[in-house]
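Dear colleague,

Please find below the structure that I am handing over to you. My notes on what was found in it follow directly after.

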Amino acid sequence: MAAISSGEFERYFKELYQPLCLFALRFTERLDDAEDIVQQAFADVWDKNINNVLIDNLKSYMYQAVRNRSLSLVTQPVDVQTTDQLPDMEDLSEEERIYNAERDARLWTAIDGLPPPNAKKIFLLSKRDGLKYQEIAEELNISIKTVENQMGKALKALREMAVRIYMFFFG
């Protein structure tokens with residue numbers, strides 16, 4: 001793959017950001033960590049692009065990079081500290097709190113608006129609870145194919161919402 005233009009990079013970002021965040025979320029279980037991992041992976045790819053390092057299959061590369069970063073994060077030893085040992089941290093600004101609240105509200109609105117009959121339930125069982133498709137099918141007494149179809153519909157709807165959110169903030 002030749003070096004990519006900023007327009008192509010933006011297209012890849014819009015196409016892959018949400019699915020990569022959901023993929024990272026399977027490992028990290030924290031949306032903020034998942035978003036940080038995906039954003040850093042895109043930043044690294046852009047740096048490689050600027051330095052003329054070619055990536056043959058960007059989608060595959062991104063999934064592998066996000067997987068590796070996610071696993072690195074979750075396998076780091078946890079440094080347990082009491083609150084007395086934690087450095088003083090500045091509170092989020094009012095603007096940051098509003099932005100985070102709007103983002104979270106849009107995400108949950110998108111999840112709540114997933115197509116019936118089971119897309120929302122299946123999506124949450126998979127992404128929030130970490131169940132495999134077979135486990136979801138057994139729990140809901142439906143076929144694995146139904147689970148796959150509903151997940152496809154859910155991910156498509158969320159991807160479309162992510163693009164609208166991105167366009168809202170970055171126009």
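In helix 2, the buried residues are Asp 33, Ala 34, Glu 35, Ile 37, Val 38, Ala 41, Phe 42, Val 45 and Asn 49. Please bear in mind throughout that this is a predicted model.

Helix 2 covers residues 31-50, and its 20 residues should span 28 Å at 1.5 Å a residue; the end C-alpha atoms are 29 Å apart, which agrees.

Overall content

The protein contains seven helices and zero strands. Along the sequence the pattern therefore reads α-α-α-α-α-α-α, with helices counted as DSSP runs of at least four residues. Of the 171 residues in the protein, 30% are buried. Among contacts between residues at least 6 apart in sequence, 65% join residues at least 24 apart.

Helix 2 against helix 3

Two packed helices are described by the angle between their axes and the distance between the axes. For helix 2 and helix 3, the angle is about 130° and the axes are 9 Å apart. That angle makes helix 2 oblique to helix 3. The crossing of helix 2 with helix 3 is right-handed.

On the helix 2 side, the contact involves Asp 33, Ile 37, Val 38, Gln 40, Ala 41, Phe 42, Asp 44, Val 45 and Lys 48. Their counterparts in helix 3 are Leu 58, Tyr 61, Met 62, Ala 65, Val 66, Arg 69, Ser 70 and Leu 73. Sorted by class, the contact of helix 2 with helix 3 comprises eleven nonpolar, two polar and four charged residues. Several residues on this side also appear in the buried set of helix 2, including Ile 37, Val 38, Ala 41, Phe 42 and Val 45.

Helix 1 against helix 3

Helix 3 (residues 58-75) also packs with helix 1 (residues 6-28): their axes come within 10 Å and cross at roughly 30°. Angles under 35 degrees count as roughly parallel, and helix 1 and helix 3 are therefore roughly parallel to each other. Their crossing is right-handed.

Helix 1 contributes Tyr 12, Leu 16, Pro 19, Leu 20, Phe 23, Ala 24, Phe 27 and Thr 28 to the contact. These residues meet Leu 58, Lys 59, Met 62, Tyr 63, Val 66, Arg 67, Ser 70, Leu 71, Leu 73 and Val 74 of helix 3. The contact of helix 1 with helix 3 has 14 nonpolar, two polar and two charged residues. Some helix 3 residues take part in the contacts with both helix 1 and helix 2, among them Leu 58, Met 62, Val 66, Ser 70 and Leu 73.

A further residue of helix 1 is Gln 18. Gln 18 counts as buried, because its relative accessibility is 15%. Leaving out residues up to four places away in sequence, Gln 18 touches Leu 158, Arg 159 and Ala 162.

Helix 5 against helix 6

Helix 5 (residues 119-128) and helix 6 (residues 133-140) pack at an angle of about 135°, and their axes are 10 Å apart. Helix 5 is therefore oblique to helix 6. This crossing is right-handed. Lys 121, Ile 122, Leu 125 and Ser 126 of helix 5 make the contact with Tyr 133, Ile 136, Glu 139 and Leu 140 of helix 6. By class, five of the residues in the contact of helix 5 with helix 6 are nonpolar, one is polar and two are charged.

Ala 137 is located in helix 6 and counts as buried, at 4% relative accessibility. Apart from its neighbours within four places in sequence, Ala 137 is in contact with Ile 142, Ser 143, Ile 144 and Val 147. The C-alpha atoms of Ala 137 and Val 147 are separated by 6.3 Å, although the two residues are ten apart along the chain.

Two loop residues with positive phi

Most residues other than glycine have a negative phi. Asn 52 has a positive phi, near 60°. Asn 52 follows helix 2, in the loop between helix 2 and helix 3, and is exposed, with a relative accessible area of 59%.

Asn 141 likewise has a positive phi, near 60°. Asn 141 sits in the loop between helix 6 and helix 7 (144-170), and at 72% relative accessibility Asn 141 counts as exposed.

Yours sincerely

Terms used
Residues are numbered from 1 along each chain as its sequence is written. This is a predicted model: local features need pLDDT of at least 70, side-chain atom pairs count only at pLDDT 80 or more; totals for chains, interfaces and linings use all residues. Side-chain values use heavy atoms; hydrogens and water are left out. Axes are lines fitted to C-alpha atoms, for helices over the stretch in contact, and angles run from 0 to 180 degrees between N-to-C directions. Angles under 35 degrees count as roughly parallel, over 145 as roughly antiparallel, 65 to 115 as roughly perpendicular and the rest as oblique. A crossing is left-handed if the near helix is turned anticlockwise from the far one by less than a right angle, and right-handed if clockwise. Contact means heavy atoms within 4.5 Å. Ala, Val, Leu, Ile, Met, Phe, Trp, Tyr, Cys and Pro count as nonpolar, Asp, Glu, Lys and Arg as charged, and the others, Gly among them, as polar. The expected span of a helix is 1.5 Å times one less than its number of residues. Buried means under 20% relative accessible area, exposed over 50%, partly exposed in between (1.4 Å probe, protein chains only).
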